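Me: I am new to this structure and would love a close look at one part of it. Please begin with a single residue and then show me what lies around it.

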Amino acid sequence: MKIPDYISPVVAYRVWRWKETGLQSLNGEPWLPGQHLEARCRVAPAARHMVEADNEVPHRKCTCGIYAAKNSEHLRQIGYADGGICGEVYLWGMVVEHKLGWRSQFAYPKSLSLPLSLLPFSLAELNARLLALIAFGIDIFVLHNRESMRLWQHGQGYDTEGLDYIISLRGEHYLRQQEERKPKKGDRVALLGRGIAVVEQADDKEALVMLWDRRVERIARKDIVFSQQNRRWECDAPSAAS
Ligand SMILES: [Zn+2]
């Protein structure tokens with residue numbers, strides 16, 4: 001991707017959706033690595049201000065063009081920043097200035113900042129999804145308390161500090177999840193071939209569960225596993241707790 005040498009692009013701010021395939025505008029338009037996005041006008045010519053030439057997009061008195069904000073704070077204020085990846089974007093070609101932002105003819109991402117809430121949990125999935133972003137050939141940051149920490153430096157690779165930070169988050173998250181994922185009184189447990197039972201009490205070693213017919217059984221804690229897929233506790237092979 002090459003921005004023509006003879007122009008100095010405007011740098012502005014945008015929010016993108018992070019799809020498995022890469023970046024999309026909030027309206028679903030895909031942004032492709034190595035290709036600038038070019039604005040098109042979808043407003044019917046009859047509804048447009050007639051003095052403007054069709055090929056000069058964005059039209060001054062129209063809504064067309066690639067939108068970008070003058071500062072990232074504005075994107076936060078209007079609630080856009082929560083739903084996606086914030087980043088800097090180059091704008092060039094015909095650029096129409098407004099009070100808080102621009103409408104541009106051409107655009108290409110300059111850098112991306114990933115909010116922690118959007119990072120996939122597994123590092124394998126994170127890696128796969130990052131590859132789609134790395135293809136843009138730009139720096140990638142992760143947002144930490146509103147500050148950006150570099151995760152990927154174009155031409156250099158992963159930034160050790162950013163990567164360590166993400167990995168440490170995964171560790172904390174895992175421990176927290178383990179703590180939350182203990183069977184508690186009132187939780188339901190699916191016993192294979194016997195139906196659903198309700199936990200009466202549980203500790204680290206065993207759980208007392210009550211079946212539909214009010215029979216109470218002891219199950220070794222190690223035999224009860226939380227099924228992510230079914231979002232419930234399951235016990236396939238109850239062995240008598242000792
Ligand atoms: Zn237009």
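Is tyrosine 108 buried or exposed, and what is its relative accessibility?

Reply: Happy to help! This is a predicted model, in which local features need pLDDT of at least 70 and side-chain atom pairs count only at pLDDT 80 or more, while totals for chains, interfaces and linings use all residues. Residues are numbered from 1 along each chain as its sequence is written, and side-chain values use heavy atoms, leaving out hydrogens and water.

Tyrosine 108 counts as buried, because its relative accessibility is 4%. Here buried means under 20% relative accessible area, exposed means over 50%, and partly exposed is in between, with a 1.4 Å probe and protein chains only. Across the protein chain, 40% of the 242 residues count as buried.

Now for the rings. Those of Phe, Tyr and Trp (its six-membered ring) pair if their centres lie within 6.5 Å; planes under 30 degrees apart are stacked, over 60 edge-to-face, and the rest tilted. That rule gives five aromatic pairs. One of them is edge-to-face, because the planes of tryptophan 16 and tryptophan 31 stand at 90°, with ring centres 5.3 Å apart. This pair links distant parts of the chain, with tryptophan 16 in strand β1 (residues 10-19) and tryptophan 31 in strand β3 (residues 30-31), 15 residues apart. Helices (H or I, at least four residues) and strands (E, at least two) are DSSP runs, numbered from the N terminus. Tryptophan 16 is buried at 0% relative accessibility, and tryptophan 31 is buried at 4%.

Your tyrosine has a partner as well: the rings of tyrosine 108 and phenylalanine 136 have centres 6.0 Å apart and planes at 50°, so this pair is tilted. Tyrosine 108 lies in strand β7 (residues 101-115) and phenylalanine 136 in the loop between α2 (123-134) and β8 (139-144), so the pair ties together parts that are 28 residues apart in sequence. Phenylalanine 136 is also buried, at 4% relative accessibility.

Helix α2 itself deserves a glance. The expected span of a helix is 1.5 Å times one less than its number of residues. For the 12 residues of α2 this comes to 16 Å, and its end C-alpha atoms are 15 Å apart, which agrees. Buried residues of α2 include Leu126, Arg129 and Leu130.

Arg129 leads us back to the rings. A charge sits over a ring if NZ of Lys or CZ of Arg is within 6 Å of the ring centre and within 35 degrees of the ring normal. The charged end of arginine 129 does this over tryptophan 18, 5.3 Å from the ring centre. Tyrosine's strand β7 spans residues 101-115, and lysine 70 lies over the face of tryptophan 102, 5.3 Å from the ring centre.

Elsewhere there is a zinc ion, whose protein donors are Cys41 (SG), His59 (ND1), Cys62 (SG) and Cys64 (SG), at 2.2 to 2.3 Å. Donors are N, O and S atoms within 2.8 Å of the metal (3.2 Å for Na, K and Ca); water is not among the atoms, so sites may look incomplete. Along the chain, the spacing of these donors is C-x17-H-x2-C-x1-C.

To return to your residue: tyrosine 108 is buried at 4% relative accessibility.
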